[in-house]
Amino acid sequence: MKGLKLYMMVLIVGMCCSCDEYLEVKNYGQVLPETNEDYATLINNQLSAIDKGTAGAANMLGSFAWMIELECYSDNLNTSLMTSNALSYIYVGTNVNSAQYRFMNYYSLIKDYNIIIDNLKERDTELGKKILATAYTMRGVMYFNLMRECCEAYEKDRATEIMGVPNVEHFDIEAKPGRGNIQELVNFIVQDLEMAIRMNQTDEQYRFTADVARAYLARTYFWAQDWKNAIKIAKEVLDKYPLVEGDEYKEMIQSPQGKLGNMLFRTFITGSLTTYNRNLKNVKTRPVNMSLINLFPEKERDIRYTTFFDSEFFSTKGIRVCVRAAEMCLILAESYAHLSDTDNALTYLNLLRSKRIADYVPYTVATLPAVNESDVIKTDATGAKLTPLMSAVLNERRKEMFMEGDRWFELKRNGSPEFWVGYNFVKYTTEKYLYTFPLRKADLIANENLVQNPGYENL
């Protein structure tokens, strides 16, 4: 235990260091955890931060404050009509300086997973299997987040040209890896998540079960436009976690804590409700954009309309950092649409709508709403002009995933469109490069093999 205490002291210092220091600091004096219980401490410390919804590096899945920030970056909340500056994020450019630390912070966590994967000795015991499977899943999840935040959006015909991030697979203190490409990064994420799924970790105490790994694998294939594999994995998840509706859905969506309904995963299980309620109150200083409100033609017949908004169109939806079955249903609908399988795309689109809208009338090809030419998104993920079917799927996703930090990444995935907001007679434009967060200058100086993201060369 003395060795563990020394390791943990060095780890705390490491958490304050940059990514480059993680890649090149001198050895920990060979002081590493010894028993499975010691290795479990590395995982449990991070799980505790996730359960508490901690804001900061220890909970890189994101706190509810981070979800609000992402909503403010997107077109879901109206900046020009905000009633106070309680939410100081005018647009994504407001927080570029803090966003550059996310790259560094992810690697401070990846370091722990690599230590476990490389050095865990008793990996054939029940505890060892759980720790190892959790480490693989969490590493895959961290790299998925790095891909969405620190890489340009995936493009199939440019996948070997778009920069990835360093795929640090082992704890090599002397290495200064370069970024590789985004296809290599996708393959790396898939490799980790498939490994975790094969290990079939089902203990909810470790949060990142095999089903959570499957959901992130579906997300990864979806982001990488591998529609067939996205369908295969998302269907497995949805079959096991069918959609909920009515009061069960409302309780799942509004409950401030607890993993209810068909949630596979969520943060903020045990954290401070005082902080949560303060953030929820702050959201009510910025009204919901009418472009979102107008996507609810059924109004009160749609449970989301009555649950998500008050009479003045301020958000009343609970803030969520979670993975739930509805996203898998939407992945299925869009993936089938990209494969020109209209029947199956409509099946899953209508399935979700049937669980949300009273006296529901299913969409057909003939009754799909026309594409709204004034919408921010003009093209789909492949760069093709929106069809009525694809527009309907994207709009359904925007409604369903509101206040879950999803819309920002949907904008990025579907063309990274430029749009502007006005506040205090100043025009703030979200330019295309701002969808990808920068790397910290200190990391670039320390590791000459790292390359800054386009647009931030003078940061």
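In the predicted model, α7, α9 and α18 (407-413) each supply at least two residues to the lining of the second largest cavity. This cavity holds about 90 Å³ of space. Its lining consists of F144, R148, R219, F222, W223, E327, R397, D406, F409, E410 and R413. By class, four of these residues are nonpolar and seven are charged, with no polar residue present.

In total, four cavities of 30 Å³ or more were counted. The largest contains about 270 Å³ of space. The elements that contribute two or more residues to the lining of the largest cavity are α4 (64-73), α6, α7 (126-150), α9 (210-223) and β2 (322-324). The lining comprises 24 residues, and L61, M67, R148, R219 and E404 lie nearest the centre of the cavity. The lining of the largest cavity divides into 13 nonpolar, three polar and eight charged residues.

Helix α6, one of the elements lining the largest cavity, spans residues 101-119. Its 19 residues reach 28 Å from the first C-alpha to the last, close to the 27 Å expected at 1.5 Å a residue. The helix is mostly covered, with 16 of the 19 residues buried.

A further buried site is N262, located in the loop between α11 (246-254) and β1 (263-266). N262 counts as buried because its relative accessibility is 3%, and the cut-off for burial is under 20%. With neighbours within four places in sequence left aside, N262 is in contact with Y241, P242, L243, V244, M252, V323, R324 and A325.

Methods. Residues numbered from 1 in each chain as written. Predicted model: local features only at pLDDT ≥ 70, side-chain atom pairs only at ≥ 80, totals over all residues. Heavy atoms only, no water. Helix = DSSP H or I, 4+ residues; strand = E, 2+ residues; numbered from the N terminus. Buried < 20%, exposed > 50% of the residue type's maximum accessible area, 1.4 Å probe, protein only. Contact = heavy atoms within 4.5 Å. Expected span 1.5 Å × (residues − 1). 1 Å grid on protein atoms, 1.4 Å probe; cavity = no way out; pocket = protein on both sides within 12 Å on 5 of 7 lines; lining within 4 Å. Points joined across faces, edges and corners; volume = space filled by probe spheres on them. Nonpolar A, V, L, I, M, F, W, Y, C, P; charged D, E, K, R; others polar.
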